[in-house]
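Please find below my notes on the two-chain contact, set out point by point for the bench.

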2 protein chains.
Amino acid sequence: MMAYDLTLRAVLERAAKLFSKKEIITRDYSGTFRYTYSDFYKRTQRLANVLKNLGIKKGDRVATLAWNHHRHLELYLAVPVSGAVLHTLNLRLAPEQLIYIINHAADKVIFVDKDLVPLLESIQDQLPTLECVVVMSDTNEIPPSTLKNPLSYETLLTEASEYFEFPDLSEWDPAAMCYTTATTGKPKGVVYTHRALVLHSFAASLPDSLNLQESDVVMPFVPMFHANAWGLPFVCTWLGATQVFPGARPQAADVCQLIQDHKVTLAAGVPTIWMATYPLWESGEYDPSSLREIVNGGSAAPMSMIKNYQEKLSVSILHAYGMTETTPVVLVSRPKSNMGGMTAAEKYQLSARQGLLVPGLEMKVVGEDDEEIPWNGKTMGELLLRGPWIAKEYYKDPIRTQEAFSNGWLRTGDIVTVNSEGYVSVADRSKDLIKSGGEWISSLDLENTIMDHPAVLEAAVIAIPHPKWVERPLACVVLKQEYEGQVNVQDILDFLKGKTPKIWVPDRVEFIDAIPRTSVGKFYKAALRTRFTEIASTKEGSDPIVG
Amino acid sequence: MMAYDLTLRAVLERAAKLFSKKEIITRDYSGTFRYTYSDFYKRTQRLANVLKNLGIKKGDRVATLAWNHHRHLELYLAVPVSGAVLHTLNLRLAPEQLIYIINHAADKVIFVDKDLVPLLESIQDQLPTLECVVVMSDTNEIPPSTLKNPLSYETLLTEASEYFEFPDLSEWDPAAMCYTTATTGKPKGVVYTHRALVLHSFAASLPDSLNLQESDVVMPFVPMFHANAWGLPFVCTWLGATQVFPGARPQAADVCQLIQDHKVTLAAGVPTIWMATYPLWESGEYDPSSLREIVNGGSAAPMSMIKNYQEKLSVSILHAYGMTETTPVVLVSRPKSNMGGMTAAEKYQLSARQGLLVPGLEMKVVGEDDEEIPWNGKTMGELLLRGPWIAKEYYKDPIRTQEAFSNGWLRTGDIVTVNSEGYVSVADRSKDLIKSGGEWISSLDLENTIMDHPAVLEAAVIAIPHPKWVERPLACVVLKQEYEGQVNVQDILDFLKGKTPKIWVPDRVEFIDAIPRTSVGKFYKAALRTRFTEIASTKEGSDPIVG
């Protein structure tokens with residue numbers, strides 16, 4: 001068989017050759033922008049010439065600081081296919097984190113959205129490797145700024161030649177990179193090879209994965225700076241699906257409007273957005289009926305949300321699991337055909353799990369002794385992964401590489417259970433797990449149960465020290481506005497009775513205004529731990545182990 | 001990203017770990033046999049020990065001479081995953097071809113079905129590399145034969161240890177091989193790497209390809225000795241689909257019975273079988289309603305058949321194209337979502353095309369000057385392919401390797417047109433094409449048009465010499481039994497008026513009893529050419545070029 005390299009060039013060229021009339025649509029600054037894959041391909045060729053004219057060479061890092069739009073898609077393909085490395089910057093990071101990342105990756109050029117220029121202005125003097133900034137807008141205009149010699153994306157493209165012959169690359173060449181937003185320490189870089197991105201595209205598209213096809217109209221709400229927007233821009237281009245991009249600062253109403261206007265069949269994002277869009281659909285203000293599925297990832301969707309979407313809106317929520325280190329798709333939760341006898345409640349429970357391992361990867365789940373745990377749905381262990389789209393290291397970071405990778409496996413840091421059918425359920429991040437009297441308590445499970453209370457908007461559970469049990473859970477609860485002052489600690493504790501093991505019932509419940517979040521919208525529990533650091537549980541009561 | 005090898009071990013182990021309760025079903029000698037993937041996996045481990053005990057080492061060729069059944073599936077996985085090379089022998093070959101192939105591959109062991117033992121007996125003395133024969137049956141019994149020291153498959157498995165640790169392999173290691181049944185010259189060997197088979201499994205499963213998933217019940221009627229049964233045994237094992245095998249010498253009624261009994265959702269085979277099953281379904285004798293799709297390959301299905309299946313049985317026929325050299329799936333014919341405005345007739349026409357290139361491969365279509373032809377649906381050229389599951393050579397056959405491979409491309413020998421949407425339509429094998437007055441005439445198109453005549457069972461068109469136009473078409477027509485003697489040459493010619501270009505109308509029509517076929521059921525035109533070799537057309541009439 002031919003030694004044919006798996007590269008993104010084939011992804012780009014397939015769209016141009018077979019799907020020239022299919023469309024890409026953006027909610028742009030000045031309204032709806034749409035063009036065909038044929039136009040898109042010509043612009044990637046112009047963009048490749050722009051990169052060449054800017055002195056970008058094979059392997060050089062080209063950064064983007066941008067929302068989800070067609071220009072970002074052009075960069076997604078043109079940068080790696082011309083041999084450089086696409087480095088997507090998280091626009092929600094603190095300036096000092098951005099400075100660290102840009103310098104650590106040694107980015108030579110940054111392509112920045114016009115409304116994000118102020119963010120770059122504030123740090124530009126601390127970026128010694130940066131040679132040039134290109135401002136993206138829907139016109140040639142560059143907003144006034146203190147940037148040194150900024151260039152206009154649209155002007156550069158207009159002036160560049162439309163002809164570019166993309167080079168032959170090795171499948172092992174780096175194509176893209178992304179830094180994880182670690183809650184402690186500096187961000188860690190992950191480099192994606194062409195091979196990994198192509199193989200991930202295959203696996204993510206399969207019928208039992210995201211079931212992606214040419215006829216789909218796909219809207220990634222998940223940011224393009226977050227783990228390749230779950231690979232969707234590459235997959236959709238390859239398969240010729242219609243792509244809809246929500247543009248700058250999209251709100252829930254924008255998302256609903258785009259889905260309705262363009263008959264989006266598949267949308268992808270974190271639960272926060274689907275919690276926000278739900279009332280807009282439930283009230284009948286917008287029509288979600290074109291959606292065949294919503295892909296939920298980033299963090300787990302509460303079962304109540306999955307149920308509401310299914311029963312009130314007839315929209316399925318598909319749970320997927322992955323991380324920056326895994327390109328990202330690893331697990332997808334669809335029931336197997338031999339599980340037909342489930343009740344509706346059991347189906348929702350299954351949907352709320354992270355799911356089955358996709359073809360192409362290997363997993364094992366190990367206990368504290370590094371031995372594999374039984375698949376009984378109860379025993380917890382750490383999820384380890386290996387496979388062709390799993391990182392082997394952190395970029396130029398040998399110490400943290402050593403911490404996270406061992407014997408050819410990635411240690412995900414996620415504590416999970418696996419049931420007898422192989423469905424994985426994330427119980428906790430290893431650092432968030434609560435160890436009480438020798439037993440593990442899943443803060444995630446406890447949070448989800450508390451969030452099933454009709455008055456609760458959200459809840460986060462952390463460990464506090466206990467003189468006898470070492471650690472005990474403390475629940476931070478945010479009430480829905482209309483319930484403020486109406487619900488007390490005992491109401492919450494009463495609600496948990498019979499729904500959770502007795503030893504899991506929190507020793508303390510604290511009502512707070514909001515759960516602090518990280519730049520990618522996940523609960524930032526370190527901040528809660530700091531806030532409640534002085535609290536230790538001395539609660540006696542019944543022995544939680546035997547109670 | 002990890003340097004993780006793509007091997008069939010992951011395919012086998014995924015089934016064992018995630019789909020242990022799903023089933024594999026065979027129409028066995030003594031009735032229906034069924035077992036789970038869990039049982040299957042244990043038997044592959046035993047089989048790996050058997051191979052080891054027989055002295056099979058990494059890279060050794062292990063041959064099978066067998067029908068489609070679960071034992072063959074065990075060999076499909078156990079042989080390559082333990083490091084040897086699975087060589088599937090075509091049981092329809094002439095003895096001298098089998099001798100050539102077995103010796104050319106230097107097979108060490110042959111696993112033979114009990115009812116195929118006589119075929120092997122007749123040639124065993126001419127196989128110097130053969131060390132051992134294992135007879136497969138549903139019992140320990142070995143039928144009386146002249147085989148020297150034959151072993152029983154079931155006895156060997158029973159006696160072998162159930163524990164086997166499969167070795168680490170490179171994705172570039174050979175996993176399987178298959179010889180093409182060339183209509184001229186010796187058969188040519190193609191070696192499949194683990195990498196190619198895994199990547200092919202991804203591409204073949206995609207929603208826009210065969211759309212394979214865990215919930216499918218798949219029956220490969222296509223023989224397992226023919227181009228990996230189109231990859232289905234590997235794909236289905238990987239995805240945990242239920243597999244149904246039709247066993248020894250299946251007839252049309254057996255196929256219908258199996259589909260009905262096991263609620264088969266996807267069946268795959270050459271058009272001959274679907275022509276034979278049609279009346280059994282059309283009469284209501286069997287129920288085809290579980291079928292979501294029939295995959296047709298090997299040769300093109302007539303449009304009338306596709307139409308009948310859709311309109312009378314509500315069963316879709318999906319056209320796929322490939323060859324032994326391409327693992328095999330290359331093209332699949334599904335309409336694109338932007339082609340919605342088609343009439344029913346246009347849809348059937350599209351379905352009868354070979355289709356769109358699957359993700360992962362590259363194609364080009366070149367004329368006689370080796371320049372790419374325009375994609376206008378009319379201009380013909382030869383289809384060239386490259387990609388990770390395309391052969392790079394014929395096994396130990398440098399001369400014919402040089403003929404078929406050039407500059408990193410496989411020359412398929414298929415003459416095709418491509419329409420503006422990228423759909424490929426095979427017009428002819430290059431050697432069957434008729435060149436008349438400087439224009440190419442597609443014998444396949446002409447045959448399909450003739451076969452639309454209600455009295456025609458089948459038709460084959462070949463070239464005969466002509467003093468002015470160099471070549472002209474001659475049509476060999478087989479009438480349906482009930483029409484014999486009722487239809488004459490002029491009726492056929494009248495039928496073609498307006499349906500085909502004037503210059504394509506055959507100069508001669510010959511009624512014959514049957515079209516000779518190759519061992520894989522394709523028209524064997526070389527035999528017709530020999531039979532009609534003395535005929536030259538001297539027909540004058542109107543100038544076909546300007547007519």
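The points that follow deal with the interface and then with one helix.

1. This is a predicted model, in which local features need pLDDT of at least 70 and side-chain atom pairs count only at pLDDT 80 or more, while totals for chains, interfaces and linings use all residues. Residues are numbered from 1 along each chain as its sequence is written, chains are lettered from A in the order in which they are written, and side-chain values use heavy atoms, with hydrogens and water left out.

2. Chain B and chain A each bring 62 residues to the contact (heavy atoms within 4.5 Å). The area buried between them is about 5,000 Å², with 61% coming from carbon and sulfur atoms; buried area is the accessible area (1.4 Å probe) that two parts lose on being put together, summed over both. On the side of chain B, B:Met1, B:Met2 and B:Tyr4 supply 20% of the area buried against chain A, more than any other three residues.

3. Between the two chains there are 4 salt bridges, where a side-chain nitrogen of Lys or Arg lies within 4 Å of a carboxyl oxygen of Asp or Glu. B:Arg195 and A:Glu171 form a salt bridge through their side chains, at 2.8 Å from N to O.

4. Helix H1 of chain B, residues 8–18, is among the elements giving two or more residues to the side that touches chain A. H1(B) is largely enclosed by the rest of the structure, because 10 of its 11 residues are buried (under 20% relative accessible area, 1.4 Å probe, protein chains only); these include B:Leu8, B:Arg9 and B:Glu13.

Terms used: Helix = DSSP H or I, 4+ residues; strand = E, 2+ residues; numbered from the N terminus. Buried < 20%, exposed > 50% of the residue type's maximum accessible area, 1.4 Å probe, protein only.
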